[in-house]
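Subject: Structure for you to look over

Hello,

Here is the structure I said I would pass on. My notes on it follow below.

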Amino acid sequence: MKRFPLSKERLAELAERFPTPFYLYDEEAIRANAKRISKAFSVFPGFKEHFAVKALPNPFILKILADEGFGADCASLPELVLAQKAGMTGEAAMFTSNETPAREYAEAAKMGAVINLDDITHIDFLEKACGIPELVSCRYNPGPLKEGNAIIGKPEEAKYGFTRDQLFEGYAKLREKGAKRFGLHTMVASNELSADYHVETGRILFELAAELKAKLGIRIEFVNVGGGAGIPYRPDQKALDIEYVAKNLRDAYDKIVVPAGLDPLGLRMEWARIVTGPYGWLVTTAIHKKEIYRSYIGLDSCMADLMRPGMYGAYHHMSVSGKEGAAATETYDVVGSLCENNDKFAVQRQLPKIDVGDFVVIHDAGAHGRAMGFNYNGKLRCGEVLLRSDGSAVRIRRSETMDDYFATLDFDALAAFKA
Ligand SMILES: *Cc1c(COP(=O)(O)O)cnc(C)c1O
């Protein structure tokens with residue numbers, strides 16, 4: 001059974017203070033998980049996890065992760081600013097962006113973030129924008145040399161990164177232009193549960209780093225295996241064996257990196273989903289019940305708060321607070337209020353009988369959840385609540401208001417505007 005940290009009574013109390021819908025995050029569980037990841041990868045001489053801000057761009061969460069020793073992975077200036085505000089400064093922030101505007105490169109350089117280039121043409125582009133920094137990283141796209149996974153697609157169809165040949169040319173060019181320290185990055189999977197897949201990705205980077213040293217005399221300072229560690233969204237799936245990944249990556253390191261004379265080589269990751277995903281829930285209330293050709297449960301939330309089911313057909317487990325042990329006797333489509341028929345949190349799902357007023361909890365929403373929200377249909381996104389390690393609850397983001405929705409409009413100009 002999937003976990004939710006609050007009993008129905010405690011949830012009802014919380015909902016008095018913070019009306020549903022809201023996201024709930026569990027600080028204690030996030031911290032315990034961060035510690036587990038750090039411990040597993042402590043077998044590497046220089047390990048750093050850079051949490052991808054896009055998955056959960058809340059500075060309170062980032063501050064907790066910074067306290068656990070994590071850095072950030074950012075892809076835009078606002079994400080860099082969030083990371084900075086949370087204390088992830090200087091090289092603790094990786095700037096892994098693509099199609100990057102010149103101004104964002106310049107700002108990232110000013111902040112001392114590690115710039116990770118997405119393309120060989122970006123070397124000249126970066127030089128023009130702000131000069132070549134001492135430390136630069138490049139993103140590798142292995143193309144047909146590595147199988148993709150279902151979600152991110154085949155690497156040769158992915159828009160990211162340098163080809164293998166471009167990488168050799170690129171590092172040589174960066175060195176010519178004055179770069180002194182080098183990182184090597186790739187990201188080829190998303191939501192991947194196979195431990196061997198992640199080990200293989202690391203091995204590819206270790207081998208490439210060894211080859212760059214042998215062929216060009218370029219000494220790579222760190223490899224970054226990106227994000228993509230999967231979580232078991234479905235109750236019958238098995239969690240990724242983090243310790244197995246770390247141990248087998250270390251074995252590959254001993255076989256490849258050490259003989260190549262590259263030890264110590266830093267290992268960096270940009271895991272996000274696996275860090276916070278299972279420890280965040282979208283808490284909603286059933287407000288309507290409808291019987292037509294199917295049975296529908298209408299929630300007070302919608303796809304604007306969590307778009308993964310509607311966008312990807314992704315499975316998110318669902319439980320009804322106080323009915324966790326009840327038999328799943330009903331078949332429902334559990335839906336949101338958007339005027340789009342794909343606004344369904346669950347389709348033909350077996351669930352206990354739901355009554356109007358029940359709290360319906362959507363699991364594994366702690367990453368790529370609220371972050372992907374939008375305002376289509378005039379929907380206002382919900383807020384976020386943090387369940388602290390001491391059992392107290394604090395609001396870490398209020399829900400949106402109409403004023404937020406209208407903030408980019410000028411109604412005075414509208415009044416003066418002649419149609
Ligand atoms: C999205 C993303 C991540 C995080 O991915 P997860 O699947 O959440 O671990 C890391 N790095 C980059 C470059 C990304 O785009």
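To start with the ligand: which polar side-chain atom lies 2.7 Å from an oxygen atom of the ligand? That atom belongs to His368. Please keep in mind throughout that this is a predicted model.

The ligand

There are 13 residues around the ligand, and those that come nearest are Lys54, Gly228, Glu270, Arg273 and His368. While His368 uses its side chain, two others approach through the backbone. A polar backbone atom of Gly228 is 2.9 Å from an oxygen atom of the ligand. For Arg273, a backbone N or O atom lies 2.9 Å from a ligand oxygen.

His368 deserves a second look for its backbone. It sits in the loop between β15 and β16, and its phi is positive, about 55°, although it is not a glycine. Most residues other than glycine have a negative phi.

The two domains

The protein chain is divided into two domains: domain 1 covers 8–12, 14–21 and 278–406, and domain 2 covers 27–275. Taken over C-alpha atoms, their centres are 32 Å apart. Domain 1 brings 19 residues to the contact and domain 2 brings 23.

The size of an interface is often given as the accessible area lost when the parts come together. Here domain 1 and domain 2 bury about 1,900 Å² between them, with 58% of that on carbon and sulfur atoms. On the domain 1 side, 31% of the area buried against domain 2 comes from Tyr279, Tyr315 and His368, more than from any other three residues. His368 therefore turns up twice in this account, at the ligand and at the domain interface.

As for polar links, seven residue pairs are in polar contact between domain 1 and domain 2. Two elements, β16 (383–387) and β17 (393–397), each give two or more residues to the side of domain 1 that touches domain 2. Of these, β16 provides the largest share, three residues. By type, that side of domain 1 divides into eight nonpolar, six polar and five charged residues. The interface of the two domains also has one salt bridge across it.

Salt bridges

Side chains of opposite charge can pair when their charged atoms come close. Over the whole structure, 28 salt bridges are found. One of them joins Asp364 and Lys2, at 2.7 Å from N to O. Asp364 is in the loop between β15 (359–362) and β16, whereas Lys2 is in the segment before α1 (8–17), so this pair ties together parts that lie 362 residues apart in sequence. Another salt bridge is formed by Glu27 and Arg388, whose closest N and O atoms are 2.8 Å apart.

Cis peptide bonds

Most peptide bonds are trans. Which bonds to proline are cis in this model? One joins Thr20 and Pro21, with omega about 0°, and Pro21 is placed in the loop between α1 and β1 (22–26). Another runs from Asp263 to Pro264, with omega near 5°. Pro264 is in the loop between α9 (242–257) and β9 (266–269).

If you open the model with one residue in mind, His368 is a convenient place to begin, with its side chain at the ligand and its positive phi.

Regards

How values were computed
Residues are numbered from 1 along each chain as its sequence is written. This is a predicted model: local features need pLDDT of at least 70, side-chain atom pairs count only at pLDDT 80 or more; totals for chains, interfaces and linings use all residues. Side-chain values use heavy atoms; hydrogens and water are left out. Domain bounds come from an automatic or database domain assignment. Contact means heavy atoms within 4.5 Å. Buried area is the accessible area (1.4 Å probe) that two parts lose on being put together, summed over both. A salt bridge is a side-chain nitrogen of Lys or Arg within 4 Å of a carboxyl oxygen of Asp or Glu. A polar contact is a pair of N or O atoms within 3.5 Å; within protein, one must be able to donate a hydrogen and the other to accept it, and residues adjacent in sequence count only if both atoms are side-chain atoms. Helices (H or I, at least four residues) and strands (E, at least two) are DSSP runs, numbered from the N terminus. Ala, Val, Leu, Ile, Met, Phe, Trp, Tyr, Cys and Pro count as nonpolar, Asp, Glu, Lys and Arg as charged, and the others, Gly among them, as polar. A residue is near a molecule or strand if one of its heavy atoms lies within 4 Å of it.
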